[in-house]
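The following exercises concern a single structure and are to be worked in order. Please keep the structure in view while reading each solution.

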Amino acid sequence: MSAISAAERARLENKFPEVFKTSFFKRHGLVFGIALTLAYLVFCWFFFNVGPALSNGKWDRASIYVQDWFSWRAQPRLRFGEDGVVTPQWSSRAQYPANATIDWLTPNADGSMTVTFGSQADRLDITTQQVDVYLNGEVWPVTITADAALAPEGAPAAIQQDRQKVVVDFGFEGQAEIRANQVAVQRRFFGWANFLYDPKSPLWGHDLFSTIGLILSGDRINPEMSNASYVLDQWLNNQAWQHGDILVKLLQTLVMAFVGTLLATLLAFPLAFIAARTITPNRAANWGMKRFFDFIRSVDMLIWALFFTRGFGPGPIPGIAAIFLTDTGALGKVYAEALENVDDKQREGMKSVGASPAAVNRYGVVPQVAPVFVSQSLYFWESNTRSATVIGAVGAGGIGLKLLEAMGTNSDWDKVAYMVLLILFVVFLFDNLSNAIRSRLIGPGAH
Amino acid sequence: MADIGHQSGLSPAGETILRHYRSQVMTRRVYSVIAVLGIIIALFAAMSYANAANSGKFFERLPYMFDFIKNFLPRDPFEIFRAMFGLESPFFDGSAKYDYTSSNIYLTDSFYIPNFVYQLLVTVNIAVVSTIIGGSLAFVLCFFAATNLVGAGPVRWVVRRIMEIFRAFPEIVVAGLLTAVLSIGPIAAIAAVSLHTIGALGKLFFEVVENADMKPDEGLKSVGASWLERVRFAIVPQVMPNFVSYALLRTEINVRASTIIGAVGGGGIGEVFRLSIGRDYAAQTYAIIILLLVTIIAIDQFSGWLRRRLVGDQSFDFGKASV
């Protein structure tokens, strides 16, 4: 490249001022914008106390909660009896029926107990005097005294002395807390426990394939009903998973979104004709209706939901009312805008043949806007399926409240995962359903 | 339209066309009637189901609803403003119902932020921060989801599925999980709203990118620019106004979302509102409603004005952006 002369340079600069002499804002605006945003984020870091909140977080529990999404824990307490016998004690949420044979928890003839963690190399041999901890095949004896359990000298990091007790960590497979009078075992397995039947059910122990076998076989388990309906009944009434209840709550949420959006569509449709400048030649009515739409749209869905929960009690009605009111405003606004953009020629045609005002709108306007209206309502239906979940959590019931209850216990994260999967599935289904309807109405690619 | 048939003297071909036309109109009408009937039946079934599932029945509770509205009044209209601005109430008797002053945030000895205004600031800040975080990540991701930049290969598939999952994942679960770890506070709300924003904005962003004019990209390709340079100098300048416009629209939606998330454990005005309406504090409830209404309208108007300046009226494609 050859250098240009000073005169040539000046000429170019004068000829294209928009290239060479841009405003300060245009040249440095991006840097300033990014700097301002970063400064704002730093401010918010302190405003929301993010640092202390993060360092005070119970991160050790977080990993347990996340593991609970896809795995489950059996938590027996192995109590030391006076007579030297170790007996397992289960809480009311036990995953096994009484007297079940458990392959990882085997009582021995002398009253002691063996707990395996995945393989024979990782196990506990528990007597009331001493607990032999096997880690990768190496044995570490933990002695039990009258008031404490004592870890052996030189034990690896997986065996920790914590005041009176010894904590043994087997990684994902579980952990054990050895105390003076008991061993609290936590054994973790992949999957969801008792997803099909709870331990009290006579069908406990059947997996999916043997269940299908049951349904197909002729012998009735319960003489009063067929095997298929018996299986369904046992599954829906699973005490641990509450499938029946969860499905009912999911249905409530879907009903909220469906009824709310449909009622809003039915009301917004006539009101939008009043609000549209081109249809109703009355400025006061247009303005009043538009401000009414703005008002009910701007009052938050939360406010409507809580308001109607006070009035009607928890359940789908407040949810429907909240979605109905906010969406009447939102849909009314969208519809009115669509109406103001219609092609006037078709209305003129109808007017020119002497049609009544109703007929002018019916044949001159509605055919133009109907696909847009339906497509917008479908969009709202889709997004309301999501909002109904959240609205439910603040008191309107449905799957949202169920989720909140499950999360509140901090031990039902597998159930939370199950409900999340159900919600994702339903949202995915509705997405595709409404996309299919939309593309049939207004052609593919138009949305 | 069906009157055409009364004119006689049509040719045989005309008769056939007319017959076909009539049968088509008939089929269409039958389908319409079936569809409308189906929707009406579904609506009534759903409504009666909702009524049966509710803890209070609609018509039984309707009078209570009106009673609630009638009786849910502050003792004097100025109470609402006292509650709003954190002024002392003449009815103060030591109960929380008339205590508007103790939660005020004092910046100096005499200058304070009223509690409700402060909570509102928290909520609005949650919305803005979430939009910034979610929008930035969506900005980074959207180019990998656009067919014209990465093709229809596995990258696009993975990025789009990630966005879909973020979009459909229930916000309360993210908030709930973080609340369990970090205890109640705004971080849970920020994370929940940000995640959803990534999904929602990401989808809108990559649609904009796919509609971008590819000629500048071609020009850059012809002089040997790398992929990153092509994105930076050919695509970004074109799509930026639309991106900003969508981000502003998202801010409006996020203010509402963070209010609701606040009510289920994120803090801010949503939680204060849930408590005050649950305990029948009429003056405080109305004060919050007015504050929220004014804020939401102000934010909507401001962002609407800004969007109209940036991209003109096309940014008011309301339904598309609200998903």
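A helix, as the word is used here, is a DSSP run of at least four residues in state H or I, and a strand is a run of at least two residues in state E. The model under study is a predicted one.

**Exercise 1. Describe the annotated domain in each chain, beginning with chain B.**

Step 1. An unreviewed UniProt entry assigns "domain: ABC transmembrane type-1" to residues 120–303 of chain B. Over these residues, the chain is 86% helix and 0% strand, and the end C-alpha atoms are 18 Å apart.

Step 2. For chain A, the UniProt annotation "domain: ABC transmembrane type-1", likewise from an unreviewed entry, covers residues 250–434. That stretch of chain A is 86% helix and 0% strand, with 19 Å between its end C-alpha atoms.

Step 3. UniProt (unreviewed entry) also places the feature "transmembrane region" in chain B, at residues 30–50, 126–151, 172–195 and 281–299. Residues 172–195 of chain B are 88% helix and 0% strand, and their end C-alpha atoms lie 11 Å apart. For residues 281–299 of chain B, the helix content is 95%, the strand content is 0%, and the end C-alpha atoms are 27 Å apart.

**Exercise 2. Determine how α8(A) is oriented relative to α9(A) and to α15(A).**

Step 1. Helix α8 (residues 243–275) of chain A packs against helix α9 (residues 283–298) of chain A at an angle of about 135 degrees, and the axes are 7 Å apart. An angle between 115 and 145 degrees counts as oblique, and α8(A) and α9(A) are therefore oblique to each other.

Step 2. On the α8(A) side, the contact is made by Leu271(A), Ile274(A) and Ala275(A); on the α9(A) side, by Ala285(A), Asn286(A), Met289(A), Lys290(A) and Phe293(A). Sorted by class, the residues of this contact of α8(A) with α9(A) are six nonpolar, one polar and one charged.

Step 3. The axes of α8(A) and helix α15 (residues 399–408) of chain A cross at roughly 135 degrees and come within 7 Å. By the reasoning of the first step, α8(A) and α15(A) are therefore oblique to each other.

Step 4. Here α8(A) contributes Ile246(A), Lys249(A), Leu250(A) and Thr253(A), while α15(A) contributes Ile399(A), Gly400(A) and Lys402(A). The contact of α8(A) with α15(A) comprises three nonpolar, two polar and two charged residues.

**Exercise 3. Is α15(A) mostly covered or mostly uncovered, and what lies around its buried residues?**

Step 1. Eight of the ten residues of α15(A) are buried, and this helix is mostly covered. Among the buried residues are Leu401(A), Leu403(A), Leu404(A) and Met407(A).

Step 2. The cover over the buried residues of α15(A) includes α8, α14 (366–396) and α16 (413–442) of chain A, together with α7 and α10 (227–266) of chain B.

Step 3. Asn410(A) belongs to the loop between α15 and α16 of chain A. Although Asn410(A) is not a glycine, its phi is positive, about 65 degrees. Asn410(A) has 13 other C-beta atoms within 10 Å and is therefore partly exposed.

**Exercise 4. Which residues have the most contacts inside the largest nonpolar core?**

Step 1. This core has 142 residues, and those with the most contacts inside it are Trp304(A), Ala305(A), Ala322(A), Leu339(A), Val394(A) and Leu403(A). Helix α8 (residues 186–210) of chain B supplies the largest share of this core, 15 residues.

Step 2. Apart from this core lies another, of 22 residues, including Phe80(A) and Val168(A).

Step 3. Consider Ala322(A). Beyond its neighbours within four places in sequence, Ala322(A) is in contact with Met301(A), Trp304(A), Ala305(A), Phe308(A), Ile391(A) and Ala396(A).

**Exercise 5. Characterise the surroundings of Thr131(B).**

Step 1. Thr131(B) is located in helix α4 (residues 115–142) of chain B.

Step 2. The cut-off for a buried residue is 20 or more other C-beta atoms within 10 Å. Thr131(B) has 25 and is therefore buried.

Step 3. With neighbours within four places in sequence left aside, Thr131(B) is in contact with Thr197(B), Ala247(B), Arg250(B), Thr251(B) and Asn254(B). Thr131(B) and Val255(B) are 124 residues apart along the chain, and their C-alpha atoms are separated by 9.6 Å.

**Exercise 6. How many residues does each chain give to the contact between chain A and chain B?**

Step 1. Chain B gives 52 residues and chain A gives 59 residues.

Step 2. On the side of chain B that touches chain A, helix α7 (residues 171–182) of chain B gives the most, with eight residues. That side of chain B has 36 nonpolar, eleven polar and five charged residues.

Technical notes. Residues numbered from 1 in each chain as written. Chains lettered and ligands numbered in written order. Predicted model: local features only at pLDDT ≥ 70, side-chain atom pairs only at ≥ 80, totals over all residues. UniProt positions renumbered as here; feature names shortened; annotations may be inferred. Core = buried A, V, L, I, M, F, W, Y, C linked by C-beta atoms within 7 Å. Buried ≥ 20, exposed ≤ 12 C-beta atoms within 10 Å, placed from the backbone. Contact = placed C-beta atoms within 7 Å. Axes fitted to C-alpha atoms, helices over the stretch in contact; angles between N-to-C directions. Parallel < 35°, antiparallel > 145°, perpendicular 65-115°, else oblique. Nonpolar A, V, L, I, M, F, W, Y, C, P; charged D, E, K, R; others polar.
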